[in-house]
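Here are my notes on the model you sent over, point by point. Have it open next to you as you read.

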Amino acid sequence: MSRIRKLAVVGAASASVLALTMAPASAAGTTIHSGSSTGPAYSGGVTATNLGNISVVTSLSNATCTSAIQNGTINSDGTALNVTSASFSGCTSSLGAVTVTAQSLPWTGGSVVYAPVAGGKDGTITVAHYTVGATVFGLSCVYSGTLTGNGYNPDNPNRPDTSVAQAQAQITNGTVSKQSGSFLCPGTATVTAAFQLVGSGGEQLWAAAS
């Protein structure tokens, strides 16, 4: 039975995927720009693509996903960061491949808040109502919660992947909780992931003070 219980970890694995949002907060004083920190204000589509593998750890086991893509929208003041679609692939556990699916879309109420820290992040990103499910051998688990992480502008030397000149987000040890599923599913999972963020037309995005 302990082997079957390990399957549940993948439910959380998908949660890392949405690693690009953070806990809802007031975005007063924030402006999202296109092209540069002084470029035109940007409202519109946003695509988040993972940088490296997504890691998920529970008290029972761990899992990884090699690919995660989320599409959504945001207002130029950093509010209404909403995820309208999400897909995950290459997710594995100790028992092999796992089917991971986004649920309860759209995930609304996220935000980007410009709050730079010297020698660190440029702000905070939040994805609210993040909900994903995983199924392996007929065992299904659903996890949900709010993921909060650090946001970085394209020129920040502290961004997760300095070889990628795009806005980035990083979630470290984010926690999601079981919403439904078998009693074999762990109650919580810890996720670590990084993403690059671009406009729906490939625009380079920046956060700055308004």
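**Notes on the predicted model**

1. I'll begin with N150, which counts as partly exposed because its relative accessible area is 29%, and buried would need under 20% while exposed would need over 50%. Keep in mind throughout that this is a predicted model. N150 sits in strand β12. Its C-alpha is 6.0 Å from that of G123, although N150 and G123 are 27 residues apart in sequence.

2. On to the empty space inside. Rolling a probe the size of a water molecule over the atoms shows where empty space is left. Here that gives 2 cavities of 30 Å³ or more, and the largest cavity has a volume of about 220 Å³. Its lining is made up of 18 residues, and the ones nearest the centre are I32, V112, I125, A167 and L197.

3. What kind of residues line the largest cavity: nonpolar, polar or charged? The split is 13 nonpolar, 4 polar and 1 charged. Strands β11 (123–136), β12 (139–152), β13 (167–181) and β15 (205–209) each put at least two residues into that lining. The largest share comes from β15, with 3 residues.

4. β15 deserves a point of its own. Of its 5 residues, 4 are buried, so the strand is largely enclosed by the rest of the structure. It runs antiparallel to β1 (residues 30–34), and 5 bridges join the two strands. If you want a spot to check on screen, look at S34, which stands opposite L205 of β15.

5. Now the nonpolar packing. In soluble globular proteins, nonpolar side chains tend to be buried together. The largest nonpolar core in this model has 39 residues, and those with the most contacts inside it are I54, F88, W107, V112, Y130, F195 and L197. β11 gives the most to this core, 6 residues. Two names come up twice: V112 and L197 are on that list of core residues, and they are also among the residues nearest the centre of the largest cavity.

6. How many disulfides are there? The structure has 2. As a reminder, a disulfide is a covalent bond between the sulfur atoms of two cysteines. Counting the bonded cysteines in sequence order, the pairing goes 1-2, 3-4.

7. C65 and C91 make one of these disulfides, with their sulfur atoms 1.9 Å apart. C65 belongs to strand β4 (residues 62–65) and C91 to the loop between β6 (81–89) and β7 (92–93), so the bond ties together parts that are 26 residues apart in sequence. The torsion about the S-S bond is about 110 degrees, so this disulfide is right-handed. C65 and C91 are both buried.

8. C141 and C185 form a disulfide too, and here the sulfur atoms are 2.0 Å apart. This pair links distant parts of the chain, with C141 in strand β12 and C185 in the loop between β13 and β14 (188–199), 44 residues apart. Right-handed or left-handed, at -80 degrees about the S-S bond? The link of C141 and C185 is left-handed. Both ends are out of the way: C141 is buried, and C185 is buried as well.

9. Next, some backbone details in the loop between β9 (99–102) and β10 (107–114), where P106 lies. The peptide bond joining L105 and P106 is cis, with omega at about 0 degrees. S104 is found in the loop between β9 and β10 as well. Its phi is near 60 degrees, a positive value in a residue other than glycine. S104 has a relative accessible area of 56%, so it counts as exposed.

10. A last backbone item is A80, in the loop between β5 (67–74) and β6. Its phi is near 55 degrees, which is again a positive value in a residue other than glycine. Is A80 buried, partly exposed or exposed? Its relative accessibility is 26%, so A80 counts as partly exposed.

How values were computed:
Residues are numbered from 1 along each chain as its sequence is written. This is a predicted model: local features need pLDDT of at least 70, side-chain atom pairs count only at pLDDT 80 or more; totals for chains, interfaces and linings use all residues. Side-chain values use heavy atoms; hydrogens and water are left out. On a 1 Å grid over the protein atoms alone, a cavity is a set of points where a 1.4 Å probe fits but cannot get out, and a pocket is an open set with protein on both sides within 12 Å along at least five of seven lines; lining residues have an atom within 4 Å of a point. Grid points are joined across faces, edges and corners, and a volume is the space filled by probe spheres set on the points. Ala, Val, Leu, Ile, Met, Phe, Trp, Tyr, Cys and Pro count as nonpolar, Asp, Glu, Lys and Arg as charged, and the others, Gly among them, as polar. Buried means under 20% relative accessible area, exposed over 50%, partly exposed in between (1.4 Å probe, protein chains only). Two strands pair if DSSP finds at least two bridges between them. A disulfide is a pair of cysteine sulfur atoms within 2.5 Å. A nonpolar core is a set of buried Ala, Val, Leu, Ile, Met, Phe, Trp, Tyr and Cys residues joined through side-chain atoms within 4.5 Å.
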